[in-house]
Amino acid sequence: MIQNETKGDAMAGIARGFGLGRAGASALIHYAADLGVNARFIAQLLVRPADTWLRYDGQEVLNPKR
């Protein structure tokens, strides 16, 4: 889809892809906030690489590596 919209213009494709990603992240934060999840917590999840998070089973809370 993006390739068809920005054919032959790499910078336009990059800008369009970045804009779509940013819009998706914003929608996710708003949705989580509507559910009562702290928006700052969700924003931190979005900017951290997945391998920097510790994963736990059970009732334990996810905590970032420090």
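Colleague: In which helix does Val 47 lie?

Modeller: This is a predicted model, in which local features need pLDDT of at least 70, side-chain atom pairs count only at pLDDT 80 or more, and totals for chains, interfaces and linings use all residues. Residues are numbered from 1 along each chain as its sequence is written, and side-chain values use heavy atoms, with hydrogens and water left out. Helices are DSSP runs of H or I with at least four residues, strands are runs of E with at least two, and both are numbered from the N terminus. The run of residues 39-47 includes Val 47, and this run is helix α3.

Colleague: In what order do the elements of the chain run from the N terminus on?

Modeller: The chain has three helices and zero strands. From the N terminus on, the order is therefore written with helix symbols alone. That order is α-α-α.

Colleague: Is Val 47 buried or exposed?

Modeller: A residue is called buried under 20% relative accessible area, exposed over 50%, and partly exposed in between, with a 1.4 Å probe and protein chains only. Val 47 has a relative accessible area of 68%. Because this value is over 50%, Val 47 is exposed.

Colleague: Which helix gives the most to the nonpolar patch on the surface?

Modeller: A patch is made of residues with over 30% relative accessible area and no salt bridge (a side-chain nitrogen of Lys or Arg within 4 Å of a carboxyl oxygen of Asp or Glu); like charges are joined within 9 Å, and nonpolar side chains (Val, Leu, Ile, Met, Phe, Trp, Tyr) within 5 Å. Here the patch consists of Leu 28, Tyr 31, Leu 35, Val 37, Phe 41, Leu 45, Leu 46 and Val 47. Both α2 and α3 supply at least two of its residues. With four residues, the helix that gives the most is α3.

Colleague: How much accessible area do the residues of this nonpolar patch have together?

Modeller: Accessible areas come from the Shrake-Rupley method with a 1.4 Å probe, and for residues only the protein chains shown count as cover. One member of the patch is Leu 35, which is found in the loop between α2 and α3 and counts as exposed at 56% relative accessibility. The accessible area of the patch residues together is about 730 Å².

Colleague: At roughly what angle do the axes of α2 and α3 cross?

Modeller: Two packed helices are described by the angle between their axes and the distance between the axes. Axes are lines fitted to C-alpha atoms, for helices over the stretch in contact, and angles run from 0 to 180 degrees between N-to-C directions. The axes of α2 and α3 come within 9 Å and cross at roughly 145 degrees.

Colleague: Which residues of α3 meet residues of α2?

Modeller: Contact means heavy atoms within 4.5 Å. Ile 29, in helix α2, is partly exposed at 23% relative accessible area. From α2, the residues that take part are Ala 25, Leu 28, Ile 29 and Ala 32. Their partners in α3 are Ala 39, Ile 42, Ala 43 and Leu 46.

Colleague: How far apart are the C-alpha atoms of Arg 40 and Ile 29?

Modeller: Arg 40 lies in helix α3 and is exposed, with a relative accessible area of 65%. Along the chain, Arg 40 and Ile 29 are eleven residues apart. Their C-alpha atoms are separated by 8.4 Å.

Colleague: Why does Thr 6 count as buried?

Modeller: Thr 6 has its place in the loop between α1 (2-5) and α2 (10-34). Not counting residues up to four places away in sequence, Thr 6 touches Ala 12, Gly 13 and Arg 16. Thr 6 counts as buried because its relative accessibility is 14%.

Colleague: What percentage of the residues in the chain is buried?

Modeller: The accessible surface of the chain comes to about 5,700 Å², of which 58% belongs to carbon and sulfur atoms. The chain has 66 residues, and the buried residues make up 9%.
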